Amino acid sequence: MKLSWTGLWVLAGTALCCSHHDEEAVPQEVREELLKKWNQEWSFSGHASFAHLKPVKCLVEPDEKYDIAIIGAPFDTAVSYRPGARFGPRAIRAASARQMAGTSYNTRAGINPYSSWATVKDCGDIPITPFDNGLAERQMYEAFLELGTRSPVTPASSEYGSKGISAGKSKLVTLGGDHSVALPALRALYQIYQKPITVLHFDAHLDTWNPVRYSAYWQSEQSAFNHGSFFHKASREGLICNSTSAHAGLRTRLTGIDDSDYTAPGTPEQGFMRIHADDIDELGGPMGVVNKIMERIGLDLDQPVYLSVDIDVLDPSTAPGTGTPEPGGWTTREFIRILRGIEKLNIVGADIVEVSPSYDNKGETTALAAAQVAYEIITSMVKNGAGKDLGGWYGRKESVTQESVPVVDAEAEVEAEVPEPESVLKDEL
């Protein structure tokens, strides 16, 4: 018997309907048994989402809610040297494979950011065009505004979640992409918070260059949108609170024959406090840098802070996979210690950018560092909304009062309480 194409489609549709019906009829106890047997992942298995979080295309799912969203911005056509950061989000996600909800308790913070009050989701990537930077700029702005204005899972009335100006608002952690993605992010944050944003900028470079630095002759409106001038544009647009913002990790070369990039009056560069990479020695180490930053920014719950991390703040010996590497940077350990020291800042958004995996080494140390940076930032966001002082710092419980309480060595205390085997035997006899 011959069947027409129509008949085959009817049979196929019937089979699919029956299959769907059978699936719905699976008893609950069978489903529970399957979950017990197979609902597990290893760090090397599963989809390549950040920290094994369930991937969701939040931009096409308007009902999707979260407290913290991780969003990729695979864009790199505004670079001045080496391209490749469009592959950064993919590399950072792959490098986050050992971060899993069940094994991500952060000892320094006293909290597991993926198993606490906050709903953290990997919202996929913004589909950014590589053909038109003006259109890309608009796409990123609209995506950040759409994702940043959604109501979070945790309402402002909850004992958990951010307090002050960011209460009841979702937060975004962006995986770049080149550093120009920070400009549309700041534009979106300005619309959300209706005030200039404090920027804490970790980078080897200023990124406040006037666009004429690249060419005083060949200029266009679009040429000003690049990964070295976006803070210049942001300052001119009034998006940044210059009196509280800071650069940290600087070691870039300047233009011309003097330091006029630092000293010329009326330029946006004058608004940021500058901490150079070498200053870590004069300041006494990472905590000296932390103290300078905290003195500058302060703990004002009504002032939103945007944390922008160019991975080239690290020395290329440990993070070579970046577009504009500069020797003489901080180590990964030093930088992570600095991030751990600023955990109480009111961070409303963040980015980790300029990861270019084609220039990374075989151990993927750049991507690994970026994934750890994202983990530390998310941890701080979650800890700030925990509703109580969790202490932390590798098992030491910090005093929640103003009194001076001696630090107890937890391991020594346990050893003192547990008698030696011989004494136990004598007691029993």
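Helix α11 covers residues 365–384, 20 residues in total. At 1.5 Å a residue, α11 should span 28 Å. Its end C-alpha atoms lie 29 Å apart, which agrees with that expectation. The model is predicted. Of the 20 residues of α11, 16 are buried, so the helix is largely enclosed by the rest of the structure.

**The sheet**

An open sheet is built from 8 strands, and the pairing is parallel. The order is β2-β1-β3-β8-β7-β4-β5-β6. Its edge strands are β2 (120–125) and β6 (273–276), each of which pairs on one side only. On average, neighbouring strands are turned by 15 degrees against each other, with direction ignored.

Three of the strand pairs, including the two at the edges, can be set out as follows.

| Strand pair | Sense | Bridges |
|---|---|---|
| β1 (residues 68–73) and β2 | parallel | 4 bridges |
| β5 (residues 246–250) and β6 | parallel | 4 bridges |
| β7 (residues 305–310) and β8 (residues 347–353) | parallel | 6 bridges |

Individual residues fix the register of these pairs. Ile-68 stands opposite Val-120 in β2. Ala-246 has Met-273 of β6 as its bridge partner. Tyr-306 faces Gly-349 in β8.

**The two edge strands**

Strand β2 is largely enclosed by the rest of the structure, because 5 of its 6 residues are buried. Strand β6 has two unlike faces: Met-273 and Ile-275 form the covered one, while Arg-274 and His-276 form the uncovered one. Met-273, on the covered face, is also the residue that bridges to Ala-246.

Ile-275 belongs to β6. Its relative accessibility is 1%. Buried means under 20%, so Ile-275 counts as buried. Arg-251 is 24 residues away from Ile-275 in sequence. In space, the two are 9.3 Å apart, C-alpha to C-alpha.

**Backbone exceptions in the loops**

Which peptide bond is cis? The bond from Gly-176 to Gly-177 is cis, with omega near 20 degrees. Gly-177 sits in the loop between β3 (171–176) and α5 (182–193).

Two residues other than glycine have a positive phi: Gln-194, near 55 degrees, and Glu-354, near 65 degrees. Gln-194 is in the loop between α5 and β4 (198–202). Glu-354 is in the loop between β8 and α11.

Are these two residues buried or exposed? Gln-194 is exposed, with a relative accessible area of 56%. Glu-354 is buried, at 1%. The exposed cut-off is over 50% and the buried one is under 20%, so the two residues fall into opposite classes. The loop that holds Glu-354 leads from β8 to α11, the helix with 16 of 20 residues buried.

**A nonpolar surface patch**

Val-30, Leu-34 and Trp-38 make up a nonpolar patch on the surface. Together they have about 330 Å² of accessible area. Val-30 lies in helix α2 (residues 28–38). Its relative accessible area is 37%. That value lies between the 20% and 50% cut-offs, so Val-30 is partly exposed.

Technical notes
Residues numbered from 1 in each chain as written. Predicted model: local features only at pLDDT ≥ 70, side-chain atom pairs only at ≥ 80, totals over all residues. Heavy atoms only, no water. Expected span 1.5 Å × (residues − 1). Buried < 20%, exposed > 50% of the residue type's maximum accessible area, 1.4 Å probe, protein only. Patch = residues over 30% accessible without salt bridge, like charges linked within 9 Å, V, L, I, M, F, W, Y side chains within 5 Å. Areas by Shrake-Rupley, 256 points an atom, 1.4 Å probe, with all protein chains shown as cover. Salt bridge = Lys/Arg side-chain N within 4 Å of Asp/Glu carboxyl O. Pairing = 2+ DSSP bridges. Axes fitted to C-alpha atoms, helices over the stretch in contact; angles between N-to-C directions.
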